[in-house]
Amino acid sequence: MNSRILQPNMRPLTSPNFTGFSNVIRFVLSLFATGARLRIFRFTSFLSNSIELKVVSAQLTSVRAFDFSIFSSLSFFVRFPAINHYLYRLGLNMDGEELTEQETALYDRQIRVWGADAQRRLSKSHILVCGMKGTVAEFCKNIVLAGVGSVTLVDDRVVTEEALSANFLIPPDESVYGGRTVAEICGDSLREFNPMVSVSVQKGDISSFGGDFFDKFNVVVISCCSAGTKKLINDKCRKLSKRVAFYTVDCRDSCGEIFVDLQSYKYSKKKLGETVECEIQYPRLEDAISVPWKVLPKKVSKLYFAMRVIESFEEAEGRKAGEITIGDLPALLKLRKEICETQSLNESHVPSILLERLVMGAREFPPACAVIGGILGQEVIKAISGKGDPLKNFFFFDAMDGKGIIEDISNEPPNK
Amino acid sequence: MASLQHSPSIKDAKVLMVGAGGIGCELLKTLALSGFPDIHIIDMDTIEVSNLNRQFLFRQSHVGQPKAKVARDAILKFRPHINITPYHANVKDPSFNVDFFKQFNVVLNGLDNLDARRHVNRLCLAADVPLVESGTTGFLGQVTVHVKGKTECYECQPKPAPKSYPVCTITSTPSKFVHCIVWAKDLLFTKLFGDKNQDNDLNVRSGDVASSSEHADDAFEQRKDEDVGDYGRRIYDHVFGHNIEVALSNEEAWKNRNKPRPIYSKDVLSDRLPQQNGTVDRSSATDNLSSLPAVSAMASLGLKNLQDVWNLMENSRVFLEALKLFLVNRAQEVGNLTFDKDDQLAVEFVSAAANIRAASFGIPLHSLFEAKGIAGNIVHAVATTNAIVAGLIVIEAIKVLEKNTDAYRMTYCLEHPSKKMLLMPVEPFEPNKSCYVCFKTPLTLEINTRRSRLRDFVEKIVKAKLGMSYPLIMVGHALLYEVGDDLEEDMVKNYAANLEKVLSELPSPVTGGTILQVEDLQQEFTCNISVKHREEFDEEKEPDEMVLSGLTEAPSMAKADDHSIENGGSTSNALPANVTEPKMDVEVEEISVGTENIYSAQKRKLPEVSHATKDVVSGDETRNHKRVQKLDDEDDDVVVMFDHPEVDNHKKQRLQ
Ligand SMILES: [Zn+2]
């Protein structure tokens, strides 16, 4: 997607002045002159002598991609009989991108939730996913079913019993492995879920990929990587001229964390009957996690602190993500003490029992994967479609208390 | 509490899943991954194309096959060593009795209709097996835990009554598109293609019924030697032209309303339609086509986009074409058809007819896509919510297996965060002491015992309101009625005779003050009904001529829940609204507008949650505001959830 999609205002602007067909066309053409590509979506002709024309969306070409902003929708009442067929053709010509019959049938139920326009945007989005464990498998299933354009998987591991545990994309049949990577095997399963989505595999070390590579995607999801790698990729995405939505996700035992960076994100929502334009500024991962703990609100999820302590431990010890066991607990508790002292935070905000759970349960808890992979899928769909409040900027789930909590951890001012 | 993940109770658990649809597929996968070794699944449905976007265990090649069986085979591919027992059957089948339910440690519901949920609730209570219940619509979802004696049962809270519209709104004074859909689907479609003998209010009630009734009935019969095209135009003129003129003649009715406009085919379409070539080709090739299941008026007219709103002329052409295709290509079925949202031609006919009627009454027209959603009562569904809900069900199921009562939660999935939460757990409620299901609180029935027959009571109360399929009715020790396979012949005769008798003339008369005992043998559920005699009822408001109170049922709530085809619900004179209300009139684009109100309907008096719930409600105010303006004061929401407003200050205690 290399054009800017403008999300229309849902409230039609009725222009009583536009009573002649030629005026309508002149107006439409004047919009073209500004570089807009309009998509005339619907016109209702309820009585034989009046026609309603709605410009439902407009695209401004050659502006930064993935930047949904608002453009007012227009509605004309034209008092001319029998010109609707002409308009109809005009509408079709300007938009050769209608959903096919096949797509409408397959996505019927979800189009009823988010609309045909969002479905079209989904079908043109490209998603990069790194680290195929249970939660990410759930996420991939969700977006493949939703009908994104393409999914690219990165995970060069070979299949182990651990890789199998919460991942339903890997059949427990060694005969199909044949030296193939986790990403390749998962790709085979995903392709079956929806033949309309292109699923491919990229081999190599994600941290070595350059900006050109990330530029191909609208959404990048990173899992099972060190904090350093996550920050590195986040920054590479930030440097691109187009906006790439960046997410990290991890699940340990029955807990999970999602981080979101949508950079500067514009969307529309309804407030008191009016459509208002919203803009949210997101911090980079690095900036978010360097916010001093003592300035955070008292009630910030304990999982946030616990995940940072474990991350610091893995980084200090040069471990891979998740390479931590119960034997590391004493050293981990020592590190917690140090960090809490530096951050002037009472250690009770990072309970030992929580740390113990997180290092004991190396394996993901499948129900937690389903929940976190579901929330992540939903957020990615929101970001692509430009519909609904996206979460900013951390999400935590703990199956023990059942809460799914959003935390805003940034120095940026909250929603304007 | 030990880790949920390593709970030893999982290894010995035997669980029953009811429903292998959207939630069911996700649930079965999560159960299998979590290590549940023995899973039984009941589902009566077969796979359809529109399932494939979220029921990820199914493929195109499975369309038409039973869901339960295909789901099992798909799971065994990645977890070959677990036991999965599929049943392609209705959960209301008598073989799923209390003894069947007793073999399970927990029952997990992934159902899509109220009727089956109530049925499973009663069986779980009778078998004393815990139930984890769930529901989703769009981005909203909910999971609840029902353990006999510990938490409320599924029926402790009021349930939405099937929504019905006053007959005259449908037949004479529609004001919304949904009214036109109900008219097209339940009246016109049934009259033309369904059971001809069924009572039908299709013709407008005018002052002098006598003069028009005879003529009116004939109007729907195809005359001898009448060309299909001419017949179609005559029907068109009769229902959209003549009937509107008759209605207009009653000037009193239009004093405070906008008058409808009669529409005749000659005004909309030219006399000889030039664009009929496609049809001619088709009908000449009828022999070859009869094997093709999909006949489409849209296709033969060259219309493609389901999302387009067609104008009056296009709808008129679709109407006539669809009518013709039914009579020519599907003649064998005519007379036995019922509306089915997956029958393309039926959807086209109903959508076109509803739109023509809408044009006549000045109601905005809708696309086929929208009309199909309304007529087929299609639930908005996405994979993510189902996946989240399935995860939450398994978490609750493990707590139930561990009998960790304090940890039980009911959880809401929200679309907009409340108190920072997208997933909001709430402590479950205690059983409701006035619940007629789990507390056996007697109900009261107001009825004219000198006019209503036992049959009316069985159909409208016992089956429709109490959700019983195998009822037994007693007064004291005298049996009035019973259903079963092993009854003796003279008993069957006796019961059949009783059905036709007025209540006060039964062998054991039912009059004011009588206590009726009604029992369902399969559900092992009994309730007592105290009868009050009443002479008169309001024809519009109480069309059943009976009022049942004490039922945990909220009046006039939308019930999108009943879209399942099984066990047809209401039999009242008011037209059953097994249709979803349209969302807003404007755009398809708006996200799940209607569904938000689930939460406003869920305001409960609970100190801990009330604040949070209020937040949810106020968060939606903006949307509601608009909605109210658009759709006046009726409840127009697509409510699929199973939890509904309490009658009032029903104080609830937290679990001990
Ligand atoms: Zn109850």
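This report describes the chains, the nonpolar cores, one helix pair and one loop residue of a predicted model.

**Chains**

The two chains are set out side by side below.

| Chain | Residues | Buried | Helices | Strands | Share of contacts (residues at least 6 apart in sequence) that join residues at least 24 apart |
|---|---|---|---|---|---|
| A | 416 residues | 61% | 14 helices | 16 strands | 68% |
| B | 656 residues | 60% | 20 helices | 18 strands | 72% |

**Nonpolar cores**

In soluble globular proteins, nonpolar side chains tend to be buried together. In this model the largest nonpolar core comprises 124 residues. The residues with the most contacts inside this core are A:Leu153, A:Tyr247 and A:Phe397 from chain A, together with B:Phe36 from chain B. Helix 16 of chain B, residues 383–401, supplies the largest share of the core, namely twelve residues. Another core, of 65 residues, lies apart from the largest one; B:Trp183, B:Leu187, B:Ala297 and B:Phe349 are among its members.

**Helix 14 of chain A and helix 16 of chain B**

Two packed helices are described by the angle between their axes and the distance between the axes. Helix 14 of chain A spans residues 366–385, and its axis comes within 8 Å of that of helix 16 of chain B, with a crossing angle of roughly 160°. Because angles over 145 degrees count as roughly antiparallel, helix 14 of chain A is roughly antiparallel to helix 16 of chain B. The crossing of the two helices is left-handed.

On the side of chain A, the contact is formed by A:Pro367, A:Ala370, A:Val371, A:Gly374, A:Ile375, A:Gly377, A:Gln378 and A:Ile381. These residues of helix 14 meet B:Thr384, B:Thr385, B:Ala387, B:Ile388, B:Gly391, B:Leu392, B:Val394 and B:Ile395 in helix 16 of chain B. Classified by residue type, the contact between these helices contains ten nonpolar and six polar residues, and no charged residues.

**A buried loop residue**

A:Leu262 is placed in the loop that runs between strand 12 (255–261) and strand 13 (264–271) of chain A. What is the relative accessible area of A:Leu262? The value is 0%, and since buried means under 20%, A:Leu262 is buried.

Leaving aside residues up to four places away in sequence, A:Leu262 touches A:Arg243, A:Ala245, A:Tyr247, A:Tyr282, A:Ala383 and A:Pro390. One of these, A:Tyr247, is also among the residues with the most contacts inside the largest nonpolar core. A:Arg238 is 24 residues from A:Leu262 in sequence, and their C-alpha atoms are 9.5 Å apart in space.

Terms used:
Residues are numbered from 1 along each chain as its sequence is written. Chains are lettered from A and ligands numbered from 1 in the order in which they are written. This is a predicted model: local features need pLDDT of at least 70, side-chain atom pairs count only at pLDDT 80 or more; totals for chains, interfaces and linings use all residues. Side-chain values use heavy atoms; hydrogens and water are left out. A nonpolar core is a set of buried Ala, Val, Leu, Ile, Met, Phe, Trp, Tyr and Cys residues joined through side-chain atoms within 4.5 Å. Buried means under 20% relative accessible area, exposed over 50%, partly exposed in between (1.4 Å probe, protein chains only). Helices (H or I, at least four residues) and strands (E, at least two) are DSSP runs, numbered from the N terminus. Axes are lines fitted to C-alpha atoms, for helices over the stretch in contact, and angles run from 0 to 180 degrees between N-to-C directions. Angles under 35 degrees count as roughly parallel, over 145 as roughly antiparallel, 65 to 115 as roughly perpendicular and the rest as oblique. A crossing is left-handed if the near helix is turned anticlockwise from the far one by less than a right angle, and right-handed if clockwise. Contact means heavy atoms within 4.5 Å. Ala, Val, Leu, Ile, Met, Phe, Trp, Tyr, Cys and Pro count as nonpolar, Asp, Glu, Lys and Arg as charged, and the others, Gly among them, as polar.
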